[in-house]
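Reader: I'm just getting started with protein models. Please pick one part of this one and take me through it closely, then tell me what else I should look at.

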Amino acid sequence: MSRYLFTTWYGAGNQVPAIGLAQELAARGHEVRFAGYTGQRERFERAGFDFAVLAGADAAYRADEPPERVMAALVEGVWACPAHLTDLRDALAAYPCDAVVADCMMFGVLAALEDASVPVVPLVHSAPGALFPPGGPGDAMILGAVNAVRAAAGRRAVGSVWETWAPFPAICASVAELDPLAARAPASFHYVGPITERREPSGWRSPWRRDDPRPLVLASFSTGYAWDQTSRIARTLAALDDAERYRVLALTAYADPAALTCPPNAVLRREVPHDEVLPAVSATVCHAGHGTVAASLAHGVPVVALPNLGADQQALAARVAGLGAGIALDGETATSADIAAAVAAVLDEESYRTAAAHLARAIAAAPGACGAADLLEKS
């Protein structure tokens with residue numbers, strides 16, 4: 001049995017692959033502890049894992065900042081947080097482990113661990129070339145802060161975020177096909193495919209008859225708190241207000257259902273696990289977050305993307321469209337008419353389903369959590 005320490009933060013797409021990998025390790029008899037922020041404790045303990053708070057970073061980060069301060073707060077308290085340098089020293093002293101799995105966006109953690117005496121594996125939860133393309137807007141936003149925390153740790157400056165991952169055997173929870181820069185990835189990157197969390201059945205039951213011939217469209221937008229998804233959900237519901245043609249399941253996450261007009265052919269739910277509904281879905285309208293895109297494509301479901309600004313979403317939307325498995329729209333300005341036309345296209349034109357099925361085969365062939373756990377056991 002080995003002991004693994006995972007570092008984590010409260011993001012939208014990063015926690016699921018971390019939990020899924022930890023579950024695979026636990027199933028093999030290993031011991032896992034997570035270290036992160038107070039607001040995460042309940043989720044990870046509910047999943048059955050020991051959880052420790054990174055005290056210095058937790059004190060430095062506020063999750064209730066106003067919208068204009070959200071990104072700055074994440075940089076200061078999570079992504080390039082100087083407190084991580086001492087937090088990791090304390091975490092390793094409290095929990096001597098055989099390896100550390102570090103969230104790829106916790107650059108202070110990676111700086112602290114660059115000369116660690118135990119193996120360190122960054123977990124990259126999206127396609128690296130979409131999440132942080134070298135020289136892209138992500139680098140422009142964060143690189144100064146990353147190099148400042150690296151200087152505090154006595155590390156050399158880097159010219160791109162990718163350089164912070166390159167010294168380690170990084171696990172990428174995506175497939176190379178979804179990465180627009182896969183050909184440029186360092187040799188240390190291992191694409192293992194999407195990693196999902198094992199969950200108890202939610203109890204979801206479709207309200208529609210089994211023989212209902214209308215295609216089911218899933219509308220699923222970000223569960224992160226950095227973006228208000230109400231407008232995207234509302235525009236999608238208006239676009240699909242056609243009871244003769246569609247059935248619609250819209251997942252509201254943190255959006256207020258009272259602010260939405262639900263047409264008679266649609267059902268609103270706060271959350272339904274994707275794997276419980278996607279086998280019956282014909283098209284997904286989403287924000288192009290990696291988790292939703294990968295889950296849809298794993299089931300051969302084409303995507304209409306309304307990406308939020310920032311993160312990996314615009315690049316993933318463009319990549320999926322470039323591969324022919326969906327249509328990318330401007331998430332801020334697309335009208336209901338635009339969304340309706342895009343959904344009709346991905347449903348009516350066979351090429352979209354063919355391209356999505358090709359990606360489904362690539363995802364099915366990827367080793368996933370088992371392959372990632374194999375890599376950790378060999379580290």
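**A close look at helix H14**

Author: Let's start with helix H14 (residues 336-348): at 1.5 Å a residue, its 13 residues should span 18 Å, and the C-alpha atoms at its ends are 18 Å apart, which agrees. The expected span is 1.5 Å times one less than the number of residues. Helices here are DSSP runs of H or I with at least four residues, strands are E runs of at least two, and both are numbered from the N terminus.

Keep in mind that this is a predicted model, where local features need pLDDT of at least 70, side-chain atom pairs count only at pLDDT 80 or more, and totals for chains, interfaces and linings use all residues. Numbering runs from 1 along each chain as its sequence is written, and side-chain values use heavy atoms, with hydrogens and water left out.

So what's tucked away in H14? Ile 339 and Leu 347 are buried (under 20% relative accessible area, 1.4 Å probe, protein chains only). The buried set also takes in Ala 342, Val 343, Ala 344, Ala 345 and Val 346. Those buried residues pack (heavy atoms within 4.5 Å) against two helices, H10 (230-239) and H15 (350-365). They also pack against strands S8 (216-220), S11 (281-286), S12 (303-305) and S13 (326-328).

Now for another set of strands. Seven of them make an open sheet with parallel pairing, in the order S3-S2-S1-S4-S5-S6-S7. Strands S3 (50-53) and S7 (190-191) are the edges, each pairing on one side only; two strands pair if DSSP finds at least two bridges between them. Look at the S7 edge: strand S6 (residues 171-172) joins S7 through two bridges in the parallel sense, and Cys 172 stands opposite Tyr 191 of S7.

Strands of this sheet also turn up around a hole. The whole structure has one cavity (1 Å grid points, protein atoms alone, where a 1.4 Å probe fits but cannot get out) of 30 Å³ or more. It holds about 60 Å³ of space, the volume filled by probe spheres set on the points. Lining residues, those with an atom within 4 Å of a point, include Phe 6, Asn 14, Asp 103, Leu 123 and His 125. S1 (3-7) and S4 (99-103) each give at least two residues to that lining, and S4 has the largest share, with three.

Terms used: On a 1 Å grid over the protein atoms alone, a cavity is a set of points where a 1.4 Å probe fits but cannot get out, and a pocket is an open set with protein on both sides within 12 Å along at least five of seven lines; lining residues have an atom within 4 Å of a point. Buried means under 20% relative accessible area, exposed over 50%, partly exposed in between (1.4 Å probe, protein chains only).
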